[in-house]
Amino acid sequence: METAVLPRLASLRAGSGRRGTDLDRAIRSYARVAVRQGLVDSMVTEAVRLRCARVHDCRLCQSLRLGDSLEAGFDEEASAAIDRYETSDLPHRVKVALRLTDAMIFTPVGVSPELRAELLECFTPEEVIEIVFDIVKWSSQKSLVALRMEPPLEGRNILAFDEIGDHVLS
């Protein structure tokens with residue numbers, strides 16, 4: 001595969017997100033803003049992030065945990081429940097957010113009037129938009145994953161965000 005043909009993929013593969021193309025910088029800028037919204041609690045955010053990672057089979061994202069969610073009590077039991085969330089004991093709010101995640105990933109027309117009503121019972125309109133932006137952000141790696149160009153990390157790592165960007169902390 002010629003790197004000149006796929007400059008975005010090549011620059012992301014090389015880990016040059018701060019440099020790279022204008023598209024690289026725009027995607028990273030969007031991601032930084034999307035993950036810092038903070039209206040939705042960290043348990044919902046982490047469940048949505050991990051559902052995207054599992055559905056897309058992103059090795060990198062599956063190896064990470066958001067530091068805020070760990071502090072809030074998100075553990076490996078909650079992580080495992082995401083795969084069977086409908087029959088799990090995850091909170092109703094998390095299940096509704098995961099239903100939206102699945103609908104957006106698998107069948108966007110699957111956001112039924114019933115799901116919209118459930119979303120608005122559990123979340124404010126602003127929180128629903130934040131979840132949507134999170135789903136889009138956590139799905140931006142799909143092209144790299146499809147080509148198995150996402151870098152896997154060893155073990156579990158903590159993901160944190162600051163004003164500069166995202167950082168993996170061991």
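Reader: How much area does the protein expose, and what share of it do carbon and sulfur atoms supply?
Author: This is a predicted model, in which local features need pLDDT of at least 70 and side-chain atom pairs count only at pLDDT 80 or more, while totals for chains, interfaces and linings use all residues. Residues are numbered from 1 along each chain as its sequence is written, and side-chain values use heavy atoms, with hydrogens and water left out. By the Shrake-Rupley method with a 1.4 Å probe, where for residues only the protein chains shown count as cover, the protein exposes about 9100 Å², of which carbon and sulfur atoms supply 58%.

Reader: Which element of the protein has the lowest mean pLDDT, and which the highest?
Author: The pLDDT, the predictor's confidence in each residue from 0 to 100, averages 80 over the protein, and 75% of the residues score at least 70. Elements here are DSSP runs numbered from the N terminus, helices being H or I of at least four residues and strands E of at least two. The lowest mean, 48, belongs to helix H1 (residues 7–13), and the highest, 97, to H8.

Reader: How many contacts does the stretch of residues 1–9 have in the model, beyond near neighbours in sequence?
Author: Over residues 1–9 the pLDDT is below 50. With contact meaning heavy atoms within 4.5 Å, the number for this stretch, beyond near neighbours in sequence, is 15.

Reader: Which helix gives the most residues to the largest nonpolar core?
Author: A nonpolar core is a set of buried Ala, Val, Leu, Ile, Met, Phe, Trp, Tyr and Cys residues joined through side-chain atoms within 4.5 Å, where buried means under 20% relative accessible area, exposed over 50%, and partly exposed in between (1.4 Å probe, protein chains only). The largest one has 28 residues, of which Val44, Leu90, Phe123 and Ile131 touch the most other members. Two or more residues come from each of H3 (42–56), H6 (76–81), H7 (92–106), H8 (113–122) and H9 (125–138). The most, 7 residues, come from H7.

Reader: Which residues does Leu90 touch, not counting those up to four places away in sequence?
Author: Leu90 is among the residues that touch the most other members of the largest core. Its partners, with that exclusion, are Ala78, Ala81, Ile82, Tyr85, Lys95 and Leu98.

Reader: Is Glu77 buried or exposed, and with what relative accessible area?
Author: Glu77 is found in helix H6, and its C-alpha atom is separated by 9.9 Å from that of Leu90, 13 residues apart along the chain. Glu77 counts as exposed because its relative accessible area is 57%.
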